[in-house]
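Please open the structure in a viewer with the sequence panel beside it. The tour below proceeds by selections, each followed by a description of what is found there.

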Amino acid sequence: MSDRSAQAYSQALQYIPGGVNSPARAFGAVGGGPRFVSHGRAAHLFDLDGREYIDYVCSWGPLIFGHAHPRVVRAIQEACERGTSFGAPTELEVAMAAQVCAMVPSIEMVRMVNSGTEATMSAVRVARGYTGRDKIIKFEGCWHGHGDSFLIKAGSSALTLGAPDSPGVPASVAADTLTLPYNDADAVAHAVARNPGQVAAVIVEPVAGNMGTVLPCAGFLESLRQITRDHGIVLIFDEVITGFRVAPGGAQQRFGVTPDLTCLGKIVGGGLPVGAYGGRREIMSEVSPMGRRISQAGTLSGNPLAMAAGLAQLQMLTEPGVYERLEQVSVTLAEGMRDSVRRLGRRFAVNQVGAMLCLFFVEGEVNDYAAVTRADTDLFRRYFWACLERGLYLAPSQFECMFPSAVHSDDDIEATLRAQYEALRAVL
Ligand SMILES: *Cc1c(COP(=O)(O)O)cnc(C)c1O
């Protein structure tokens, strides 16, 4: 590891649990210490020792136009000079809400919050308040932030109650969360039948982006829509990753399935801490201070700097050619990776949709968590370091996506595929 990163890391370990403010940043799954960042420019990241990388983490998704895009920087600067926070409404918040509703038509009303976690926690509370029911259904391998209700693993059979997946999560909370296999609509139908009139919400990543990239199988999202509609259950799409990434209107637009509520985060904040949840007016009209006054609040929610950054990115996303470029970059990467793997005589899965993709060290198809867990993580660990040495900054885990941006250049892509091939050849 580089010297100044090592120094910063050993200091960090003294004061911050694990030396990091979010565990995914630690290199736990690949061993060694993280590189500390000095700065970023477009698709490139620079560490404290001046090493340059092509960045495929992009802050874990938010930076769809790369680092320090001049328009985003300018928007933040301009907002900053007017004051950093008011605790009173601003026009920027209205502009942001209108922009989100225009891009994601199922969102008729939207609340801004400060993280994806807040968005999912709030959406579930609203679903519970709206339906008067307590239970929720989620899926193995999906991540919805660190709210208690989501830190639940599946029981021993698909139909038994869940168990806490972290110390500190009460068993009483686990009892209300059912965790089912992704892409298994029959399991959902059974669980709903076994818990009549008790399920408030089904929450799903419409493309799973927290176990690598796993696409919904044909009919899965449609079945969720049908089952939830038949039983008065609120269907929540957690589009914190997929929102504005796989299409302007998210996965719901790409796959043509309309949820009741949508959670957003990451891209919506332009690199500042933002989340949002919204959906049908009838449901959102129960959120405090309206209707039944389902509680949800935030001192810094709708923060002007965050709104300015997010809005700048969303406006740039509506310009012609952006999604075509994102798709082209992603497809080129995916095809190039498949080709490299084939040339080396292997049949590893490469899943891709829109600007998210993943090379799984698994032979054959990857459609659920069970398949994902067959990945050769030791091979991934060696591949990760071989890539880092060759100037590619990948997420330090097999179970994360690559997030190309609209500013990854043709040269970046070519250099990436070359480095990846060499890295693969070195480790296979
Ligand atoms: C990142 C993520 C979250 C949590 O967002 P934070 O801003 O990290 O709290 C929720 N859902 C999904 C799908 C995510 O990828």
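Select Ala423 to begin: this residue counts as buried because its relative accessibility is 0%, the cut-off for burial being under 20%. The model is a predicted one. Ala423 lies in helix α14. Now display the surroundings of Ala423: beyond its neighbours within four places in sequence, the residue is in contact with Tyr383, Ala386, Cys387 and Arg390. For a sense of distance, select Arg325 as well; it stands 98 residues from Ala423 along the chain, and the two C-alpha atoms are 26 Å apart.

**Helix α14**

Extend the selection to residues 410-427, which form α14. This helix has 18 residues, and the 26 Å from its first C-alpha to its last is close to the 26 Å expected at 1.5 Å a residue. Which residues of α14 are buried? They are Asp412, Ile413, Thr416, Leu417, Ala419, Gln420, Tyr421, Ala423, Leu424 and Val427. When viewing such a list, it is useful to recall that an α-helix has 3.6 residues a turn, so residues three or four places apart point the same way.

Next, colour the elements against which the buried residues of α14 pack. The strands are β2 (44-47), β3 (52-55), β14 (356-363) and β15 (392-393); the helices are α11 (322-343) and α13 (377-389).

**Helix α13**

Select α13 next. Its 13 residues should span 18 Å at 1.5 Å a residue, and its end C-alpha atoms are 18 Å apart, which agrees. The buried residues of α13 are Leu379, Phe380, Tyr383, Phe384, Ala386, Cys387 and Leu388. Among them, Tyr383, Ala386 and Cys387 are also contacts of Ala423. The buried residues of α13 pack against α14 and against the strands β3, β13 (348-353), β14 and β15.

**Two residues with positive phi**

Move now to Ala42, in the loop between β1 (37-41) and β2. Ala42 is not a glycine, yet its phi is positive, at about 50 degrees. Most residues other than glycine have a negative phi, and most peptide bonds are trans. Is Ala42 buried, exposed or partly exposed? It counts as partly exposed, because its relative accessibility is 32%.

Then select Ser59, in the loop between β3 and α2 (70-81). Ser59 also has a positive phi without being a glycine, here of about 60 degrees. With a relative accessibility of 40%, Ser59 counts as partly exposed.

**A cis peptide bond**

Go to Ser288 and Pro289, and display the backbone atoms: the peptide bond from Ser288 to Pro289 is cis, with omega near 10 degrees. Pro289 is placed in the loop between α9 (281-284) and α10 (304-317).

**Two further loops**

Select Leu272, in the loop between β11 (261-265) and β12 (275-279). At 23% relative accessibility, Leu272 counts as partly exposed, since the term buried requires a value under 20%. Which residues are in contact with Leu272, its neighbours within four places in sequence being left aside? They are Ile76, Leu305, Ala306 and Ala309. Select Leu215 too: Leu272 and Leu215 are 57 residues apart along the chain, with 28 Å between their C-alpha atoms.

One of the contacts of Leu272, Ala306, leads to the next stop. Gly168 and Ala306 are 31 Å apart from C-alpha to C-alpha, with a sequence separation of 138 residues. Select Gly168, which is found in the loop between β7 (163-164) and α5 (171-174). Gly168 counts as exposed, because its relative accessibility is 72%.

**The whole chain**

Finally, clear the selection and show the entire protein chain, which has 14 helices and 15 strands. Its C-alpha trace spans about 55 × 55 × 45 Å along the principal axes. A compact globule of 428 residues would have a radius of gyration near 22 Å, and the 21 Å of the protein chain agrees with that figure.

Colour the chain by accessibility: 54% of the 428 residues count as buried. The accessible surface comes to about 17,900 Å², with 50% of it belonging to carbon and sulfur atoms. Among contacts between residues at least 6 apart in sequence, 72% join residues at least 24 apart. To close, colour the charged residues: the chain has 37 positive and 43 negative charges, and their mean positions are 2 Å apart.

Key
Residues numbered from 1 in each chain as written. Predicted model: local features only at pLDDT ≥ 70, side-chain atom pairs only at ≥ 80, totals over all residues. Heavy atoms only, no water. Helix = DSSP H or I, 4+ residues; strand = E, 2+ residues; numbered from the N terminus. Rg over C-alpha atoms; globule rule 2.2 N^0.38 Å. Buried < 20%, exposed > 50% of the residue type's maximum accessible area, 1.4 Å probe, protein only. Contact = heavy atoms within 4.5 Å. Areas by Shrake-Rupley, 256 points an atom, 1.4 Å probe, with all protein chains shown as cover. Lys, Arg positive; Asp, Glu negative; His and termini not counted. Charge placed at Lys NZ, Arg CZ, Asp CG, Glu CD. Expected span 1.5 Å × (residues − 1).
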